[in-house]
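Q: Could you walk me through a few local features of this one? I'd like to start with the helices and then jump around a bit.
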Amino acid sequence: MIPRIRSLTFVSAILTASFVFAADYPAPTEGDYVVRDFKFTSGEILPELRLHYRTLGKPEKDSQGKTTNAVLIIHGTTGSGAQFIPPEFADELFGKDQPLDTTKFFVVLPDGIGHGKSSKPSDGLHAKFPRYGYLDMVEAQYRLLTEELDVNHARLVMGTSMGGMHTWLWGELHPDFMDALMPLASLPTQISGRNRAWRRMTIDAIRNDPGWDGGEYKTQPPSLRITAEMLWFMSSNPILRQKEAPTLARTDEVLDKFVNEHVKTGDANDVLYALEASRDYDPGPNLEKIRASLLAINFADDLINPPELEILEREIKRLPKGRAVVIPLSDKTRGHGSHTIAALWKDQLVWLLNETEE
């Protein structure tokens, strides 16, 4: 039985504060890459953009100098590369003879712009931080790989939630860079419907909060609690929530605990920027540009990307080498948070790696 975990993507920093590494793979190596005068799609320029990253394993190149074993794994909204270190992900993938055995693969776990230990609004610029979008985040990831880590090709690009959305963009913007793509818990269409609505409600709660003070607050505004409550509501499935909170009193207790932990580490400006960054996400018009083999993994109990919309099933047909799998509801799935429970889908990852092996 997979251990119960709380909502993943959005609160990964809480979950990964401490962790004992498995014996058969090393702790990740951490580093920072500073990009000078990074120009955002908004036209704004940041004199120094810091990109934090973690790596496991060592890069390898063939006789032509092409990187052969790089794997880029991209995190979700308000998360960081640290969310891929806990056992439910790392122990299933990175150990000896596992699908991404780090004695064979060079795994790169970046912190996106505005997230983790990379440059973000809470560092000091607050609401004067450049208005980054998903296109900026993908460009920064590309520069990290090619300029800092000397990776000129990826065996695999994969990501969860926001990272899954970035994976679709990677396939369009750099179609010859990778052998395979695996987006998890995402849809290849612009943010709309209920997905846009909950984001918009959270954004409005922060911006209309007098305590936000135009982003120059001295203490976290009350709206940060509303943000955490919305994340708790959206990031799991109703059956699990009812099981863990079967009464009014228990629901309040569980929700208060989740919110109190979230606000200890969260920052309103960082959350605001992270949610607003999805405004430029729209892979729909260019899906045919994706040439690499792509396997999309979604979950039947995901409230953020519900299968009832049938968007994934419709759009995957446009990809020359596209395949989609929806993992059914079970006692092991955790709604949107299922994307980080690798035991649910690692057999599909093995299939993709085998399918694209030269």
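Q: Which residues of helix 5 are buried?
A: This is a predicted model, and in it the buried residues of helix 5 are N195, W198, R199, T202, I203, A205 and I206.

Q: Why do they end up on the same side of helix 5?
A: They cover an arc of only 160° around the axis, and therefore they sit on the same side of helix 5. As a general matter, an α-helix has 3.6 residues a turn, so residues three or four places apart point the same way.

Q: And what do those buried residues pack against?
A: The buried residues of helix 5 pack against helix 3 (134-148), helix 4 (162-173), helix 6 (223-234) and helix 9 (268-276).

Q: How many residues does helix 5 have, and how far does it reach?
A: Helix 5 runs over residues 193-207, which makes 15 residues, and from its first C-alpha to its last it reaches 21 Å, close to the 21 Å expected at 1.5 Å a residue.

Q: You mentioned helix 3 as a partner; what span should it have, and what does it have?
A: The 15 residues of helix 3 should span 21 Å at 1.5 Å a residue, and the end C-alpha atoms of helix 3 are 20 Å apart, which agrees.

Q: Which of the helix 3 residues are buried, then?
A: In helix 3 the buried residues are Y134, D136, M137, V138, A140, Q141, L144 and L145. What covers them includes strand 1, strand 2 (45-56), strand 3 (70-74) and strand 4 (106-110), together with helix 4 and helix 5.

Q: What follows helix 3?
A: Helix 3 is followed by D150, whose phi is positive, near 55°. D150 is found in the loop between helix 3 and strand 5 (154-160), and at 47% relative accessibility D150 counts as partly exposed. For context, most residues other than glycine have a negative phi.

Q: What about D37, where does that one lie, and what is its phi?
A: D37 lies in strand 1, which covers residues 29-39, and its phi is near 50°, a positive value in a residue other than glycine.

Q: Is D37 buried or exposed?
A: D37 is exposed, because its relative accessible area is 52% and the cut-off for exposed is over 50%.

Q: Staying with strand 1, what is E30 in contact with?
A: E30 also has its place in strand 1, and, leaving aside its neighbours within four places in sequence, E30 is in contact with H52, Y53, R54 and K117. At 42% relative accessibility, E30 counts as partly exposed.

Q: What separates the C-alpha atoms of E30 and N69?
A: Those two residues are 39 residues apart along the chain, and their C-alpha atoms are separated by 19 Å.

Q: Switching topic, how many cavities of 30 Å³ or more are there?
A: The count comes to five cavities of 30 Å³ or more, and about 60 Å³ of space lies in the largest cavity.

Q: Which residues line the largest cavity?
A: The lining consists of L187, N298, F299, N305, P306, P307, L309, E310, I311, L312, E313 and V326, and these divide into eight nonpolar, two polar and two charged residues.

Q: Which element gives the most to that lining?
A: Helix 10 gives the most, with three residues. Strand 7 (293-299) and helix 10 (311-315) each supply at least two residues of the lining of the largest cavity.

Terms used: Residues are numbered from 1 along each chain as its sequence is written. This is a predicted model: local features need pLDDT of at least 70, side-chain atom pairs count only at pLDDT 80 or more; totals for chains, interfaces and linings use all residues. Side-chain values use heavy atoms; hydrogens and water are left out. Helices (H or I, at least four residues) and strands (E, at least two) are DSSP runs, numbered from the N terminus. The expected span of a helix is 1.5 Å times one less than its number of residues. Buried means under 20% relative accessible area, exposed over 50%, partly exposed in between (1.4 Å probe, protein chains only). The arc is that of the directions from the helix axis to the C-beta atoms. Contact means heavy atoms within 4.5 Å. On a 1 Å grid over the protein atoms alone, a cavity is a set of points where a 1.4 Å probe fits but cannot get out, and a pocket is an open set with protein on both sides within 12 Å along at least five of seven lines; lining residues have an atom within 4 Å of a point. Grid points are joined across faces, edges and corners, and a volume is the space filled by probe spheres set on the points. Ala, Val, Leu, Ile, Met, Phe, Trp, Tyr, Cys and Pro count as nonpolar, Asp, Glu, Lys and Arg as charged, and the others, Gly among them, as polar.
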